Structure formats: C-alpha cells, structure tokens
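User: I'd like to go through this structure feature by feature. Could you give me the general idea each time, and then the case in hand?

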Amino acid sequence: MDDQIDQVAEMIRTAESIVVLTGAGISAESGLRTFRGASQADLPANMQALWKEFDPIKLATPEAFDADPAGVSKWYDWRRLGCLAAEPNPGHTSLAEIERRAAARSARFTLLTQNVDRLHQKAGCRNVVELHGSIIQWRCTSCETKVTPGLDPMPAFPQRSSCCPTDQKAILRPDVVWFGEALPFEALRATDEALATCDLFLSIGTSSVVHPAASFIQVAAGNGAHTVEINPEATPISRMVDVSLRGKSGEVLPRIVEALRG
Ligand code: OAD
C-alpha cells in the first residue's frame, strides 16, 4: 500500500480543487455505528450496523415521524447524545490538516459529508457541506426555527417547540434529511459548484449506495478528476476509482498526511 499512499499524497499535493465525500465509516473509529457494512465479528451486538438492528422505514422517513413522533424523537435523541459524546479520530483530524495545507497554497477544498455528527467541524474542518443535515440541531415542525438541545436527554418525546407555544402541533424534529426528503438546497448548490471544478475526488467511509451522494463520483470523474476510495470493504465504486485504498480511514489518512509532511 505504500506506493498507493505516495501516489494519493502526490495527487493531493498538486490538485487545484479537492472534493472529499465522507460517510458513516469515517466516524466508526470514534465509536459511532455505521448504517451498513459487513458484520464485524469482533464487535459486540450493540456496535453492529444500525440498519441491521433497526428498521429505517420505521425511523428515518417523514411518515415514520408522523406515525410515531415519540418513538422516532427518542431514537434520534439517543443517537444525538452518542454523537455529542464522540470525539474526532485521526481520520477526521487528517482531513482537517489536508484542508489547511490546501488553503496554504490557495487550492480549493470542499468536504461533502453524509454524516450528521458534526465531527468534521469538531476536528477543525472549515468548508463542510452537510448533505444530510445535522442531528445536533433540531427544528420546529411549524415555523422551522432551529434549536440546539443541550447535553442532557430531551425532557419529553416528542418535545414541544417553545417558539410556537400556542400551536399544539408544533414539535421538534431532528434537522436531518430522511429518506424521501430533498437534500438542503444550499448544500446541493455548494456540491454542484465544487464538483464542477474538482480535479481530485476522494470517497471515504461510504457504502456508495445512497443517492444522490453515491453518484457524485461519476460527475467528478466525468469532469476529468482523479478518483480515490478509502474503505476497508469493496463498494460499487471500488472498480471504477483510480486508486482504491482498502483500509480504515483512521489509519490510512494519517499515513497520507505523513507522506504530505514528507
Ligand atoms: P453506510 O453505513 O452505508 O456505509 C459505511 C461504510 O463505511 C461501509 O462501506 C463500511 O465498509 C465503511 N467503513 C466501516 N468502517 C470504516 C473505517 N474505519 N474507515 C473507513 N470506512 C469504514 O454509511 P453511509 O454510506 O454514510 O442516511 O450511508 C449513507 C446514508 O445511508 C446515511 O447518511 C444514512 C444512511 O441510511 C439516512 O439516514 C437518511
């Protein structure tokens, strides 16, 4: 793998516009569960992929929230607390360093993430586009006001919105994108702009099965960008990328940064 690490470091060193797409895998080494992925025999049952234990249709759709606002809110609050307690791992901090190095030579760096945990920002990344929103932030179902609940579990499920006290139907929902919902307009605009100029695209810790994020790599490759994947498992894009680094992002990315430091 050493040659591939050097090859990717050289691509990063010379790129004018880098786009990184991340998924749940980059936060796995921070102790957060992925949604899919091969069963990991070394992990206890309560650390296996979320969609193996829970049904996304009953939790991650607007219909599920309408049918059971208490149950869905409670599940998302449980995950919110897990995200708040988590710390960035060397994968996150390495991307922050890659961004700083790009900025120092006036190259462009855009991090598109499907993650809702805010760990990239906690690690010091600046230009982060949250494609699927954030679980740290919630919003009123009536007036869309955003709120950031504290470190304790929410006092009630569902939680009434304090911004609309007279509206009996106004409750808080996580500010995430559920299946069947559109991605935030501003996130899509920033993505289109970044993909149009990108000459290096890295796909890290994503199973590459959820669209539209899964198809961004085709857009980048179509524009002539070099493509790289970092993932311990094969995915639908593994065969099409220029370089496939089969390993954990918390181990592979620090090696790339080491090569960059030279
Ligand atoms: P997935 O859970 O689908 O995929 C996680 C990927 O991370 C898998 O390909 C794993 O092989 C890989 N992985 C596991 N450990 C890793 C490590 N240490 N380093 C690098 N990679 C590792 O997560 P996403 O692709 O992010 O949406 O899923 C996309 C969307 O599907 C999520 O945003 C979520 C989910 O349903 C909604 O909830 C709407």
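Analyst: Sure, and let's begin with burial. Buried means under 20% relative accessible area, exposed means over 50%, and partly exposed is in between. Keep in mind that this is a predicted model.

User: Then take Phe-54: is it buried, partly exposed or exposed?

Analyst: Phe-54 has a relative accessible area of 22%, so it counts as partly exposed. Trp-75, at 7%, is buried.

User: How do I read ring pairs, and how many aromatic pairs does the whole structure have?

Analyst: Look at the distance between ring centres and at the angle between planes; over 60 degrees counts as edge-to-face. A search of the whole structure gives eight aromatic pairs. In one of them, Phe-54 and Trp-75 sit 5.3 Å apart centre to centre with 65° between the planes, which makes the pair edge-to-face. That pair links distant parts of the chain: Phe-54 is in the loop between helix H2 (50-53) and helix H3 (56-59), while Trp-75, 21 residues away, belongs to helix H5 (residues 69-85). Trp-75 also pairs edge-to-face with Tyr-76, at 5.0 Å between centres and 85° between planes. Both Trp-75 and Tyr-76 are buried.

User: Which residues do the ring pairs link into a cluster?

Analyst: The cluster consists of Phe-35, Trp-51, Phe-54, Phe-65, Trp-75, Tyr-76, Trp-78 and Trp-178.

User: On to pockets. How much space lies in the second largest pocket, and which residues are closest to its centre?

Analyst: For a pocket, read the volume, then the lining, then the chemistry. The second largest pocket holds about 260 Å³ of space. It is lined by 15 residues, and the closest to its centre are Gly-133, Lys-146, Asp-175, Val-177 and Pro-184. Strand S3 (128-130), strand S4 (133-140), strand S6 (172-176) and helix H8 (185-197) each contribute at least two lining residues. By class, the lining has seven nonpolar residues, seven charged residues and one polar residue.

User: Asp-175 catches my eye. Which side chain makes a polar contact with the side chain of Asp-175?

Analyst: A polar contact is about paired N or O atoms, so check the distance and the partners: the pair must lie within 3.5 Å. Here the side chain of Arg-139 meets that of Asp-175 at 2.6 Å. Arg-139 lies in strand S4 and is buried, with 15% relative accessibility. Setting aside neighbours within four places in sequence, Arg-139 is in contact with Glu-144, Thr-145, Lys-146, Ile-171, Leu-172, Arg-173, Asp-175 and Val-176.

User: And Ser-238: where does it lie, and what does it touch?

Analyst: Locate the residue first, then go through its contacts. Ser-238 is in the loop between strand S8 (226-230) and strand S9 (243-245). It counts as buried because its relative accessibility is 11%. Leaving out residues up to four places away in sequence, Ser-238 touches Glu-229, Glu-233, Ser-244 and Arg-246. With Glu-229 there is a side-chain polar contact of 2.6 Å. The C-alpha atoms of Ser-238 and Val-228, ten residues apart along the chain, are 8.7 Å apart.

User: What about contacts across the sequence, say for Ile-5? What does Ile-5 touch?

Analyst: Compare the sequence gap with the C-alpha distance. Ile-5, in helix H1 (residues 2-14), has its C-alpha atom 7.4 Å from that of Ala-259, with the two positions 254 residues apart along the chain. Apart from residues up to four places away in sequence, Ile-5 touches Leu-245, Val-252, Arg-255, Ile-256 and Ala-259. Its relative accessibility is 4%, so Ile-5 is buried.

User: Last topic, the backbone. Where are the cis peptide bonds you'd point out?

Analyst: Omega is the angle to read here. Phe-157 and Pro-158 are joined by a cis peptide bond, with omega about -5°, and Pro-158 lies in the loop between strand S5 (146-147) and S6. The bond from His-211 to Pro-212 is also cis, with omega near 10°. Pro-212 is in the loop between strand S7 (200-204) and helix H9 (216-222).

User: And phi: what is its value for Ser-106 and for Ser-208?

Analyst: For phi, look at the sign and at the residue type. Ser-106, a residue other than glycine, has a positive phi near 60°; for Ser-208, phi is positive too, near 55°. Ser-106 is in the loop between helix H6 (90-104) and strand S2 (108-113), and Ser-208 is in the loop between S7 and H9. Ser-106 is exposed because its relative accessibility is 66%, whereas Ser-208, at 10%, is buried.

Notes
Residues are numbered from 1 along each chain as its sequence is written. This is a predicted model: local features need pLDDT of at least 70, side-chain atom pairs count only at pLDDT 80 or more; totals for chains, interfaces and linings use all residues. Side-chain values use heavy atoms; hydrogens and water are left out. On a 1 Å grid over the protein atoms alone, a cavity is a set of points where a 1.4 Å probe fits but cannot get out, and a pocket is an open set with protein on both sides within 12 Å along at least five of seven lines; lining residues have an atom within 4 Å of a point. Grid points are joined across faces, edges and corners, and a volume is the space filled by probe spheres set on the points. Helices (H or I, at least four residues) and strands (E, at least two) are DSSP runs, numbered from the N terminus. Ala, Val, Leu, Ile, Met, Phe, Trp, Tyr, Cys and Pro count as nonpolar, Asp, Glu, Lys and Arg as charged, and the others, Gly among them, as polar. Buried means under 20% relative accessible area, exposed over 50%, partly exposed in between (1.4 Å probe, protein chains only). Contact means heavy atoms within 4.5 Å. A polar contact is a pair of N or O atoms within 3.5 Å; within protein, one must be able to donate a hydrogen and the other to accept it, and residues adjacent in sequence count only if both atoms are side-chain atoms. Rings of Phe, Tyr and Trp (its six-membered ring) pair if their centres lie within 6.5 Å; planes under 30 degrees apart count as stacked, over 60 as edge-to-face and the rest as tilted.
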